[in-house]
Amino acid sequence: MSRPTPLRPRLAATAPFLAVLAAIAPLLTACGTESAGAGNTVASAAVPPTRAQVDDPGKDGVRITSLTLPSTSPSASPSPTRSYPVSAESLGTDPDTDSEVIAAYEVTNEGAETLTYSVVFTFMSGDGGAVTNQSATVRDVRPGKTVRGTVRAGGLPPGAPRITRAEVLDVTKVPAGEAPAEPGTCPASGIRVSADKGDAAMGLRVVGLHLDNCGTRPYTVEGYPLLELLDDDREPVDGIKILDGSGEITTGAGPDEQPRPVTLRPGESATAGLVWRNTTESGTPVNVPYVRVRAKAGADPVTVTPDLDLGTTGKLGVRPWKKADPR
């Protein structure tokens, strides 16, 4: 009578295989845990910023072409609006763009002369309210040419609304040869003319003109800066009386000073002032976006953009040059 074949040899033969399985089982389990953990890490990590392509007609040859928005989760990605048919494109996690709102723009000169553009961009929240405005200057754009650049919304205070849109708010453009010199540079004339942002209170407007001798020789002016008031097309504005001094407009800007010679040594500066009221009564209000300034007769013209809202007063007071206090 034959005996059943013993099982021990078969088990012995399979023991190494079982040992291998026992050894790798923890590794397989660990791999599964690591994969889940990696998945959780990806889900909780900050989503890279998105670039939204903007279909924007723009203004005066300037338009926004895309808007980069930071995101902290997939639900934070911008959604298209009627003003902005967009196609969102994922960007890399560049530390320079990861937490900033950046608008890319292009400037196209459709005119016949080389122009320098000053552009104000407004960054808005989803309800259309302005969150912040930023400016950019684009110099020496030749006829028929397009220049591209970017502008950043910059740091915002805590609690500021989330930016979702951007638009071109305002554009001014002047002949490149008459544009105020770039900060830190000096024109060939050695004289730099500019205008400040001005001050407005109770309907009284005051804008300062600044004359800097950035050259190597003394420069003398006497009396009042010479002005030409220009409209949106940089054509002369008629019907505005330019007054010597501001006494006929207000006494709040201080007493009128008598003009006298002012000699500026290299590094010295002088100031003058434009004073007006934006009172509006009967008639059509007059706005003067451009003022062509000559420091004195024969000086090179510089076109500044103080945007004079003269109302219906028909008057602009000009205060004489005086030496600025040393800085």
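A salt bridge is a side-chain nitrogen of Lys or Arg within 4 Å of a carboxyl oxygen of Asp or Glu. With that in mind, the predicted model shown above can be explored through its charges. Glu178, Glu228, Arg292 and Arg294 are linked in a network of such contacts, and the structure holds 14 salt bridges. Side chains of opposite charge can pair when their charged atoms come close.

One pair from this network deserves a closer look. In the salt bridge between Glu228 and Arg292, the closest N and O atoms are 3.6 Å apart. The two partners come from distant parts of the chain, with Glu228 in strand S13 and Arg292 in strand S18, 64 residues apart. Glu228 is partly exposed, because its relative accessibility is 30%, whereas Arg292 has a relative accessible area of 15% and so counts as buried. Beside Arg292 in the sequence of strand S18 (residues 290-294) sits Val291, which is buried because its relative accessibility is 0%. Val291 also shows how folding brings parts of a chain together: Val291 and Asp231 are 60 residues apart in sequence, while their C-alpha atoms lie 8.8 Å apart in space.

Strand S4 offers a good view of how strands are arranged side by side. This strand covers residues 102-108, and six of its seven residues are buried, so S4 is largely enclosed by the rest of the structure. S4 has antiparallel partners. Strand S2 (residues 62-69) is joined to S4 by six bridges, and within this pairing Leu67 has Ala103 as its bridge partner. Strand S7 (residues 146-152) pairs with S4 over seven bridges, again in the antiparallel sense. Here Thr108 is matched with Thr146 in S7. In a regular strand the side chains alternate between the two faces of the sheet.

A salt bridge also connects S2 and S4. Arg63 and Glu106 form this contact, with their closest N and O atoms 2.9 Å apart. Arg63 belongs to strand S2 and Glu106 to strand S4, and the pair links parts of the chain 43 residues apart. Glu106 is buried, since its relative accessibility of 13% is under the 20% cut-off. Arg63, at 29%, counts as partly exposed.

The loop between S13 and S14 is another place worth visiting. Arg234 is found there, and this residue has a positive phi of about 60 degrees although it is not a glycine. Arg234 forms a salt bridge with Glu113, in which the closest N and O atoms are 3.1 Å apart. The contact spans 121 residues of sequence, from the loop between S13 and S14 to the loop between S4 and strand S5 (115-125), where Glu113 lies. Arg234 is buried because its relative accessible area is 18%, while Glu113, at 37%, is partly exposed.

The neighbouring Asp233 occupies the loop between strand S13 (226-230) and strand S14 (241-244) as well. Asp233 is exposed, because its relative accessibility reaches 60%. Together with Asp60, Asp170, Asp232, Glu235 and Asp307, Asp233 forms a negative surface patch.

A positive phi also appears at Asp140, where the angle is near 55 degrees in a residue other than glycine. Asp140 is part of strand S6 (residues 130-141). With a relative accessible area of 48%, Asp140 counts as partly exposed.

Technical notes
Residues are numbered from 1 along each chain as its sequence is written. This is a predicted model: local features need pLDDT of at least 70, side-chain atom pairs count only at pLDDT 80 or more; totals for chains, interfaces and linings use all residues. Side-chain values use heavy atoms; hydrogens and water are left out. Patches are made of residues with over 30% relative accessible area and no salt bridge: like charges are joined within 9 Å, nonpolar side chains (Val, Leu, Ile, Met, Phe, Trp, Tyr) within 5 Å. Accessible areas come from the Shrake-Rupley method with a 1.4 Å probe; for residues, only the protein chains shown count as cover. Lys and Arg count as positive and Asp and Glu as negative; His and the chain ends are not counted. The place of a charge is taken as NZ of Lys, CZ of Arg, CG of Asp or CD of Glu. Helices (H or I, at least four residues) and strands (E, at least two) are DSSP runs, numbered from the N terminus. Buried means under 20% relative accessible area, exposed over 50%, partly exposed in between (1.4 Å probe, protein chains only). Two strands pair if DSSP finds at least two bridges between them.
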